[in-house]
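Below are some notes for a colleague who is going through this model. They are set out as numbered points, to be read alongside the sequence and the coordinates.

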Amino acid sequence: MMLTARAKSFVIMLIPITVFCGSFYLFYKRAQEGLRGRDLILTSAVINRPLPKAHLVNLYGESLDDERLRHSKVMLVFMMPDCPACDLENEFLKTVINSRQDIEFFYIIPFGGKDQMLRLAQNKYALEPFYDVGSDLSRDLEIYQVPIKIFVENGIIKKVWLNATIDQRKQTEFKDWLRSV
């Protein structure tokens, strides 16, 4: 079968597109597998360990007493005000925060410019946000993506919930997870 010049040029043009799409798919798949692996490492690295020292401040520069994070039951919610998944997470968390009066929730902004991030977060979140000064807590917990929720009991990290709960299935799973703590 003879191909016309036009058909030949089409086939030649199709080869790099096919290679690009195949490469992109393989890269994306590997990246997703890498994230899942890192998530498992993060979880196993912090469970049953003491919560590292934290220096958290609010919009007005007032420091949150680090000991407040070490009493009873605490949920640390790491979020960014310029993160669309975090916005959805915040909307969902508004519906569950009051379901556990025995757990004190804290929203923490782990990175970015302190003043800019706190201004963006002002009046946006269900709770007052605090900024992780120097990203020390985030670095010690190996948090490099948001949203992440960390449950702490009496200063010891007990559970970690990775990623957003933006679909109904994940929201139900999180509510069950929250009831279990």
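**Notes on the model**

1. A search of the whole structure finds zero disulfides. This is a predicted model, and the statement about disulfides should be read with that in mind. Two cysteines can nevertheless be placed with respect to the surface: Cys83, at 12% relative accessibility, counts as buried, and Cys86, at 0% relative accessibility, counts as buried too, because the cut-off for that class is under 20% relative accessible area.

2. As to the overall architecture, the protein chain contains five helices and seven strands, and when these are read along the sequence they follow the pattern α-β-β-β-α-β-α-β-α-β-β-α. Of the contacts in the protein chain with a separation of 6 or more, 69% are accounted for by residues 24 or more positions apart.

3. Turning to burial and surface, the protein chain has 181 residues, of which buried residues make up 39%. The area that the protein chain exposes is about 10600 Å², and carbon and sulfur atoms supply 59% of it.

4. Which aromatic contacts deserve a look? The search of the whole structure finds six aromatic pairs. One of them joins Trp161 and Phe174, whose ring centres are 5.3 Å apart and whose planes stand at 80°, so the pair is edge-to-face; planes over 60 degrees apart are counted in that class. Trp161 lies in strand S7 (residues 156–162) and Phe174 in helix H5 (residues 168–180), so this pair ties together parts that are 13 residues apart in sequence.

5. The surroundings of that pair can be described further. Both Trp161 and Phe174 are buried, and together with Phe92 and Trp177 they form one aromatic cluster. Phe174 also has a charged neighbour, since Lys149 lies over the face of its ring, at 5.3 Å from the ring centre. Phe174 is therefore a residue to inspect from two sides, as a partner of Trp161 in the edge-to-face pair and as the ring over which Lys149 lies.

6. A last point concerns Ser138, which is found in helix H4 (residues 136–140). Is Ser138 buried or exposed? At 1% relative accessibility, Ser138 counts as buried, because the class takes in residues under 20% relative accessible area. Leaving aside residues up to four places away in sequence, Ser138 touches Phe78, Pro110, Asp132 and Ile143.

Technical notes
Residues numbered from 1 in each chain as written. Predicted model: local features only at pLDDT ≥ 70, side-chain atom pairs only at ≥ 80, totals over all residues. Heavy atoms only, no water. Phe/Tyr/Trp six-rings, centres within 6.5 Å; stacked < 30°, edge-to-face > 60°. Helix = DSSP H or I, 4+ residues; strand = E, 2+ residues; numbered from the N terminus. Buried < 20%, exposed > 50% of the residue type's maximum accessible area, 1.4 Å probe, protein only. Lys NZ or Arg CZ within 6 Å of the ring centre and 35° of its normal. Contact = heavy atoms within 4.5 Å. Areas by Shrake-Rupley, 256 points an atom, 1.4 Å probe, with all protein chains shown as cover. Disulfide = S-S within 2.5 Å.
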